[in-house]
Amino acid sequence: MRQKISRRTLIKGGLLAGACVPALGLLANEASAAGLTPLSPSDPTAVALGFVTNSAKVDAKKYPTHTAAQHCGTCAQFLGKPGQARGGCNIFAGHTVPATGWCSAWAQKP
Ligand code: SF4
């Protein structure tokens with residue numbers, strides 16, 4: 001038994017499939033972020049790089065080149081999207097850092 005599929009049905013199916021692609025991307029992002037844990041400031045590498053969760057609390061004597069504009073959200077190593085509160089970091093694999101954080105590996109996002 002053959003069923004005839006109308007052009008309208010095909011177009012509807014294509015539009016529905018196209019609408020699902022971005023939704024799947026969001027789910028994949030959440031799934032990959034779910035495997036990461038928040039970086040602890042007491043992590044040995046975090047301590048070595050002067051990591052803080054709030055850039056405003058950077059020790060100005062220890063890091064005199066730090067400025068208020070420097071935080072994870074403006075760092076080239078930050079893997080979160082613009083406006084995201086937390087995201088991965090190329091330096092701290094397996095962890096997320098807050099967009100408000102900072103460490104001495106900070107580099108201006110291009
Ligand atoms: S490398 Fe950049 S994104 Fe990662 S913790 Fe340091 S300042 Fe934040």
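1. Two residues are in contact here if their C-beta atoms, placed from the backbone, lie within 7 Å. By that rule, and leaving aside neighbours within four places in sequence, Ala107 is in contact with Cys75, Ala76 and Gln77. Ala107 belongs to the segment after S3, and its C-alpha atom is separated by 8.0 Å from that of Thr74, although the two residues are 33 apart along the chain. Ala107 is nevertheless classed as exposed, because 12 other C-beta atoms lie within 10 Å, and a residue counts as exposed at 12 or fewer.

2. The model is a predicted one, and confidence should be read before the details. The protein chain averages a pLDDT of 83, with 69% of the residues scoring at least 70. Over residues 15-31 the pLDDT stays under 50, and for this stretch the model has 0 contacts beyond four places in sequence.

3. As to the overall layout, the protein chain has 2 helices and 3 strands, which follow the pattern α-β-α-β-β when read along the sequence. Of the 110 residues in the protein chain, 24% are buried. Among contacts between residues at least 6 apart in sequence, 58% join residues at least 24 apart.

4. The 3 strands form an open sheet with mixed pairing, in the order S1-S3-S2. Strand S1 (37-38) and strand S2 (86-88) stand at the edges with a single partner strand each, so one side of each is left without a neighbour in the sheet. In general, the strands of a sheet pair through backbone hydrogen bonds, either parallel or antiparallel.

5. Both senses of pairing involve S3. Strand S3 (residues 95-98) pairs with S1 in the parallel sense over 2 bridges, and the bridge partner of Thr37 in S3 is His95. S2 and S3, by contrast, pair in the antiparallel sense over 3 bridges, with Arg86 standing opposite Pro98 in S3. The hairpin of S2 and S3 has 6 residues between the strands, and Gly94 takes a positive phi near 85° in this hairpin.

6. Is Ala46, which lies in helix H2 (residues 44-48), buried or exposed? Ala46 counts as buried because it has 20 C-beta neighbours inside 10 Å, and 20 is the number at which a residue is classed as buried. Not counting residues up to four places away in sequence, Ala46 touches Leu39, Ser40, Pro41, Phe51, Phe92 and Cys103. Ala46 and Ile91 are 45 residues apart in sequence, yet they are 9.5 Å apart in space, C-alpha to C-alpha.

7. The largest nonpolar core has 16 residues, and those with the most contacts inside it are Cys72, Cys89, Phe92 and Trp102. Once its neighbours within four places in sequence are left aside, Cys72 is in contact with Phe78, Cys89, Val97, Pro98, Ala99, Thr100, Gly101 and Trp102. Cys72 and Cys89 are therefore in contact with each other under the 7 Å rule, and both are named among the best-connected residues of the core.

8. Which residues are closest to the ligand? Of the 13 residues that surround the ligand, the closest are Cys72, Cys75, Gln77, Cys89 and Cys103. By class, the shell has 11 nonpolar, 2 polar and no charged residues. Several of these names recur from the points above: Cys72 and Cys89 appear in the core, Cys103 is touched by Ala46, and Cys75 and Gln77 are in contact with Ala107.

Terms used: Residues numbered from 1 in each chain as written. Predicted model: local features only at pLDDT ≥ 70, side-chain atom pairs only at ≥ 80, totals over all residues. Near = placed C-beta within 6 Å. Nonpolar A, V, L, I, M, F, W, Y, C, P; charged D, E, K, R; others polar. Pairing = 2+ DSSP bridges. Helix = DSSP H or I, 4+ residues; strand = E, 2+ residues; numbered from the N terminus. Core = buried A, V, L, I, M, F, W, Y, C linked by C-beta atoms within 7 Å. pLDDT = per-residue confidence, 0-100.
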